[in-house]
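Biologist: I would like a close look at a single part of this protein. Please take one aromatic cluster and go through what surrounds it.

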Amino acid sequence: MVGPTGEHHGGTQMIEFTFPELPEESLSLSLDRTGRSSGDPVPTGPPLEGRVSLGGPLAVPVTSAYTADDKDLAAFVEQEAARAVYHVVHLAVAMAPEPRTPRLDSVRVELELSAHGVPAESVEDPPIAWSMAPSKIKDEAEIGTTLRLGPQLKIAPVQATLGEVSRTRTVKRSRPLLEAVGELSAEPRWVMRGTKDVPLTGSQRLVLVVRVPIGIAAEVATTVHASVVKGSILRRYVRQLPGALSLSTVV
């Protein structure tokens, strides 16, 4: 079972957030033929393979058992029970260090939340990305990252605080410039860009909390975009994962 585990710190209960195992699948991305200006030639060429892998998405419902060791978090979930349920959705994206050419310029992981296939804009109270992490990564550093779930299920990458759901990881590696976009919307996404000094390589965990209104059968569709540069030529690729992740309002 994936979920938080309890731990005592100085006599006070603290809940540790557990990252599930996410086997990564190497993606084959096709040339992106959208967004061309009128009259531009249709791009042709082989798919982009062996450069980007994805694990997940995997959803963990926020149940009473999940929040049992945090009274503030449990109170918030109970307060929301008549209106919405929440799910913690996990993904992992990996960028291969080889080959070095063409250079991997950017990777974008897009999620589309819908009400059983109905676009969010057509629903009065749609499912939304309640919180996202990481929100931004700027450079290479030794990073001690604590992803914590606060009393209102907001993810915060800060040092561990008592009474919050947390999991600390310390790593030292090149990190791409990363930015989360679309929090509190039905179209959240993470954008990762390489630089000359920090190549777009390595593995990155992505986590979001999804709010699903009661009565909505929510789905999460995942699309991965990538662009490569060779000389002065930029080529864009895309892969939409088959099927959608279902999020039940019965937890």
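Modeller: What follows goes from the whole chain to the aromatic cluster and then to its surroundings. The model is a predicted one.

The protein chain has 1 helix and 18 strands. Of its 251 residues, 45% count as buried. Among contacts between residues at least 6 apart in sequence, 74% join residues at least 24 apart.

The search of the whole structure finds 3 aromatic pairs. One of them is Phe 76 with Tyr 86, a tilted pair at 5.7 Å centre to centre and 50° between the planes. This pair links distant parts of the chain, since Phe 76 lies in helix α1 and Tyr 86 in strand β5 (residues 84–95), 10 residues apart. Both Phe 76 and Tyr 86 are buried.

Tyr 86 also pairs with Trp 130: the ring centres are 5.7 Å apart and the planes stand at 70°, so this pair is edge-to-face. Here the link runs from strand β5, which holds Tyr 86, to strand β8 (residues 128–133), which holds Trp 130, with the two positions 44 residues apart in sequence. Phe 76, Tyr 86 and Trp 130 thus form one aromatic cluster.

Tyr 86 has a relative accessible area of 1% and is buried. Trp 130, at 16% relative accessibility, also counts as buried, because the cut-off is under 20%. Over the ring of Trp 130 sits the charged end of Lys 154, 4.2 Å from the ring centre.

Tyr 86 has a polar partner as well. The side chain of Glu 80 makes a polar contact with the side chain of Tyr 86, at 2.5 Å. Glu 80 is placed in helix α1, which covers residues 71–80. With 7% relative accessibility, Glu 80 counts as buried despite its being a glutamate. Leaving aside neighbours within four places in sequence, Glu 80 is in contact with Tyr 86 and Arg 211.

The nonpolar cores give the wider setting. The largest has 41 residues, and those touching the most other members are Leu 91, Val 93, Val 107, Trp 190, Met 192 and Leu 208. Strand β6 (residues 103–115) gives the most to this core, with 6 residues. A second, separate core has 17 residues, including Leu 73, Ile 128, Trp 130 and Leu 153. Trp 130 is therefore listed both in the aromatic cluster and in this second core. In soluble globular proteins, nonpolar side chains tend to be buried together.

How values were computed
Residues are numbered from 1 along each chain as its sequence is written. This is a predicted model: local features need pLDDT of at least 70, side-chain atom pairs count only at pLDDT 80 or more; totals for chains, interfaces and linings use all residues. Side-chain values use heavy atoms; hydrogens and water are left out. Helices (H or I, at least four residues) and strands (E, at least two) are DSSP runs, numbered from the N terminus. Buried means under 20% relative accessible area, exposed over 50%, partly exposed in between (1.4 Å probe, protein chains only). A polar contact is a pair of N or O atoms within 3.5 Å; within protein, one must be able to donate a hydrogen and the other to accept it, and residues adjacent in sequence count only if both atoms are side-chain atoms. Contact means heavy atoms within 4.5 Å. A nonpolar core is a set of buried Ala, Val, Leu, Ile, Met, Phe, Trp, Tyr and Cys residues joined through side-chain atoms within 4.5 Å. Rings of Phe, Tyr and Trp (its six-membered ring) pair if their centres lie within 6.5 Å; planes under 30 degrees apart count as stacked, over 60 as edge-to-face and the rest as tilted. A charge sits over a ring if NZ of Lys or CZ of Arg is within 6 Å of the ring centre and within 35 degrees of the ring normal.
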